[in-house]
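Thanks for sharing this one. Here are a few notes to read with the structure open beside you.

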Amino acid sequence: FLGSIIEDNKTLMWSVATFHETIQCEKLHLDLGHFPRKAVQQDYCMPDVITVRVQTDPDTFQDVAVKIERPTFRKPFLGGFKNRITGVEFHNAGSQTIPKKRPEKGTTLFCRETQTVFQKNKRQQTANPTSTQMTKVGLYVSSVTDKLITPGKYFTAEEYHKRRLEAVIVLQKCFRRWHARNLVKKLKEEKRLRLAWEAQEELKKKKEKEDKVRRERDRRLNPKTKEDFELLYHALESWRQEEIERINATLTGAERKAALCGLLEEEAQLIASIGRHKLNADEENQHKAVLYFLSKCAQPKRWKAYDGKTTEMDTPYTLRARELLEIYRSVSMNDIPQDERVDVLLTLRRTVEEHACELTKEIVELIDREVDLMSREVKECNLEGLRKRICTLFLQYIKTPKFNPEVAKILKVPPDPLKLYKNVNFCHSCENYLPSTEFPVPANSHTIGRCHLCCKLDNEARQRESFLKYRLILENLRKSEADYQDDTKIVFLVQLQDLQYMIENIWGCQSALSACSDLYDLVMVRWDKQQEWSPWNTVLLTKDEADAHLKLCNLQE
């Protein structure tokens, strides 16, 4: 700092230097033999960016800014050497670039240090040497404890291997006996399970058959659907044919004619009884259909969320439809007290008075009339017609989209009346114009024939056939074909009459394998399951046979 020379008896504290401060000084040595020649240098810190002058042409230089990358890891030792005189270490140079990472192969790799066999050294102690001593001159050794050893019978290598072979045979016998016992035990258990399964399946089939017979009997005693009445008419026709055969076989002449006339009268009475049952069933089914229609209008909006839960939401339209549904149920109820009936009618009146039109005015007039008649103590049986009229008009009120907006989404009335004139055909039997969906389309038809209603009336009057069994076979066939998801089309074009012709005339109403003739147990499946179903790629089998047939991979084998 002062630029002066420090004397020999002074220390560095004499200077103006502070603690932890670096001082640059020059040492002048007079005697080089006692002090080594080593200068103290100030620490140098490399800046982040340096400027390097590069010669581009013989007379041109360019300054380039170079960015210094600091090492992010400890520099590895790559070798080097040391000066023995000065003690300076020189290391081999390494690059300043960051090493590249190896690309990941997507598989987990394991490494091990060496692949050599693990060796182990173990010291062993040798046997101790022993010695024996015999009797000699001047030494006596007692022989009391000695043993006399006689050599046994010597056997050759062949005899030794023969003994080993016999022992192996004994072991094989024991093992084979144990294995055979386990195999027989396993086969017995499988046989027992198989017999139990067969017995259970037999009982199951027997129970299903009994339930089927009981359902058919109940459907004949209490018919409710179209299929039930088909079974009833089919049973009537079967009974009539049996009676005619019995009369023709046992009676002749006037007695035969009288018996046939009596059979005709009895048949007419049975047909009239079936007709009365049909009217009652139609009325009940119509009431159920109306309630189902109104319940469908009153259902809340439903959708599934991302977590699978179902969310329901009521709108003002669904609440309105639910309110009308409850009022209709209350109005259509019978055998309720008079005061409750009056409350229901007053609620109905307040509901319909919200909209002024001819329909609501007529409903209000009928309500006032019924309340007046009930106040005069008129019998319940005399009010049935009036109450049915109120229910009918209120149902018409509910089906009006102006009063019940939710019903507009369910009514099968096109918004454009001109669409009613499209796809309309003329039925030559009932002489009515009907949509194309009301006509059957057999596979061999070229023109539009009779409608479904006329075909049904003709069947009830003449053939009286039951198509329930064929309908079940067709439904099962279409359901199984839909599971293939291979865009099959022919099975959905085949009609009931086509399937009946195939089963009766081609397959003879029996299984192609076991000749089973129970149509309730028969199904139609693909012959080659790789091809779509068609009349030339089908086979009629029982349910068990069809399951086994569909498991085949190669039909030729």
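The points below take the hairpin and then the aromatic contacts.

1. A word on the source: this is a predicted model, so please read each point with that in mind.

2. Let's begin with the strands. Strand β1 (residues 49-57) and strand β2 (residues 60-67) pair in the antiparallel sense, with eight bridges. Two residues separate them in a hairpin. If you would like a landmark for the register, T51 has A65 in β2 as its bridge partner.

3. The hairpin also carries a nonpolar surface patch: V52, V54, V64 and V66 together offer about 230 Å² of accessible area. Both β1 and β2 give two or more residues to this patch. V52, which belongs to strand β1, has a relative accessible area of 33% and is therefore partly exposed.

4. How many aromatic pairs does the structure hold? There are six. In one of them, F175 and W178, the ring centres are 5.8 Å apart and the planes meet at 35 degrees, so the pair counts as tilted. Both residues sit in helix α1 (residues 157-221), three residues apart, or about one turn of the helix.

5. Y328 and F394 make a stacked pair, because their planes are at 20 degrees, with ring centres 6.4 Å apart. This pair links distant parts of the chain, joining helix α4 (residues 316-332) to helix α7 (residues 384-398) across 66 residues. Y328 and F394 are both buried, and they form one aromatic cluster with Y397 and F403.

6. Finally, two charges over rings deserve a look. R163 lies over the face of F155, 5.9 Å from the ring centre. K399 places its charged end over the ring of F293, at 5.5 Å from the centre.

Conventions:
Residues numbered from 1 in each chain as written. Predicted model: local features only at pLDDT ≥ 70, side-chain atom pairs only at ≥ 80, totals over all residues. Heavy atoms only, no water. Pairing = 2+ DSSP bridges. Helix = DSSP H or I, 4+ residues; strand = E, 2+ residues; numbered from the N terminus. Patch = residues over 30% accessible without salt bridge, like charges linked within 9 Å, V, L, I, M, F, W, Y side chains within 5 Å. Areas by Shrake-Rupley, 256 points an atom, 1.4 Å probe, with all protein chains shown as cover. Salt bridge = Lys/Arg side-chain N within 4 Å of Asp/Glu carboxyl O. Buried < 20%, exposed > 50% of the residue type's maximum accessible area, 1.4 Å probe, protein only. Phe/Tyr/Trp six-rings, centres within 6.5 Å; stacked < 30°, edge-to-face > 60°. Lys NZ or Arg CZ within 6 Å of the ring centre and 35° of its normal.
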